[in-house]
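Me: I would like to go through the surface of this chain with you, one question at a time. Please give the reasoning before each result.

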Amino acid sequence: MKRLARKQRALSRKTKGSNRRAKAKQAVAKLHYRISNQRLAILHEVSDYLTTNFSVIAIEDLCNP
């Protein structure tokens, strides 16, 4: 998250329409993509762990009376 904040600050300082801004924008997008993939991997690991170690998984809805 610190790297993302640093890259976004660097992007905001670039001149609009410049090649360096395009490069910085691409770097920010790449980092967003990487973070997204990391989050999906963690969700997959947790769901895989739950399904392999427990035979029954119950989900309770507390909002409906």
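Me: How many aromatic pairs does the count come to?

Reply: The model is a predicted one, and ring centres have to lie within 6.5 Å to be paired. By this rule the count comes to one aromatic pair.

Me: Which geometry do the rings of Tyr 49 and Phe 54 have: stacked, tilted or edge-to-face?

Reply: The ring centres of Tyr 49 and Phe 54 are 6.4 Å apart, and their planes stand at 80°. Planes over 60 degrees apart fall in the last of these classes, so the pair of Tyr 49 and Phe 54 is edge-to-face.

Me: Is Phe 54 buried, partly exposed or exposed?

Reply: Buried residues have under 20% relative accessible area and exposed ones over 50%. The relative accessibility of Phe 54 is 44%, and that of its ring partner Tyr 49 is 48%, which makes Tyr 49 partly exposed. By the same cut-offs, Phe 54 counts as partly exposed.

Me: What is the area of the nonpolar surface patch that includes Val 46?

Reply: Val 46 is placed in helix α2 and, at 45% relative accessibility, counts as partly exposed. The nonpolar patch joins Val 46 with Ile 42, Tyr 49, Leu 50, Phe 54, Ile 57 and Ile 59, and its area is about 730 Å².

Me: Which helix gives the largest share of the positive patch?

Reply: The positive surface patch is formed by Lys and Arg residues, among them Lys 2, Arg 13, Lys 23 and Arg 34. At least two of its residues come from each of α1 (2-13) and α2 (19-53). Arg 34 has its place in helix α2 and is partly exposed at 45% relative accessibility. The largest share, however, is six residues, and the helix that gives it is α1.

Me: How far apart in space are Met 1 and Leu 31, C-alpha to C-alpha?

Reply: Met 1 belongs to the segment before α1, and its relative accessible area of 65% makes it exposed. Although 30 residues separate Met 1 from Leu 31 in sequence, their C-alpha distance in space is 9.4 Å.

Me: What separation do the C-alpha atoms of Asn 19 and Ile 57 have?

Reply: Asn 19 is found in helix α2 and is exposed, with a relative accessible area of 69%. Ile 57 is one of the residues that make the nonpolar patch. Asn 19 and Ile 57 are 38 residues apart along the chain, and the separation of their C-alpha atoms is 52 Å.

How values were computed:
Residues numbered from 1 in each chain as written. Predicted model: local features only at pLDDT ≥ 70, side-chain atom pairs only at ≥ 80, totals over all residues. Heavy atoms only, no water. Patch = residues over 30% accessible without salt bridge, like charges linked within 9 Å, V, L, I, M, F, W, Y side chains within 5 Å. Areas by Shrake-Rupley, 256 points an atom, 1.4 Å probe, with all protein chains shown as cover. Salt bridge = Lys/Arg side-chain N within 4 Å of Asp/Glu carboxyl O. Lys, Arg positive; Asp, Glu negative; His and termini not counted. Charge placed at Lys NZ, Arg CZ, Asp CG, Glu CD. Helix = DSSP H or I, 4+ residues; strand = E, 2+ residues; numbered from the N terminus. Buried < 20%, exposed > 50% of the residue type's maximum accessible area, 1.4 Å probe, protein only. Phe/Tyr/Trp six-rings, centres within 6.5 Å; stacked < 30°, edge-to-face > 60°.
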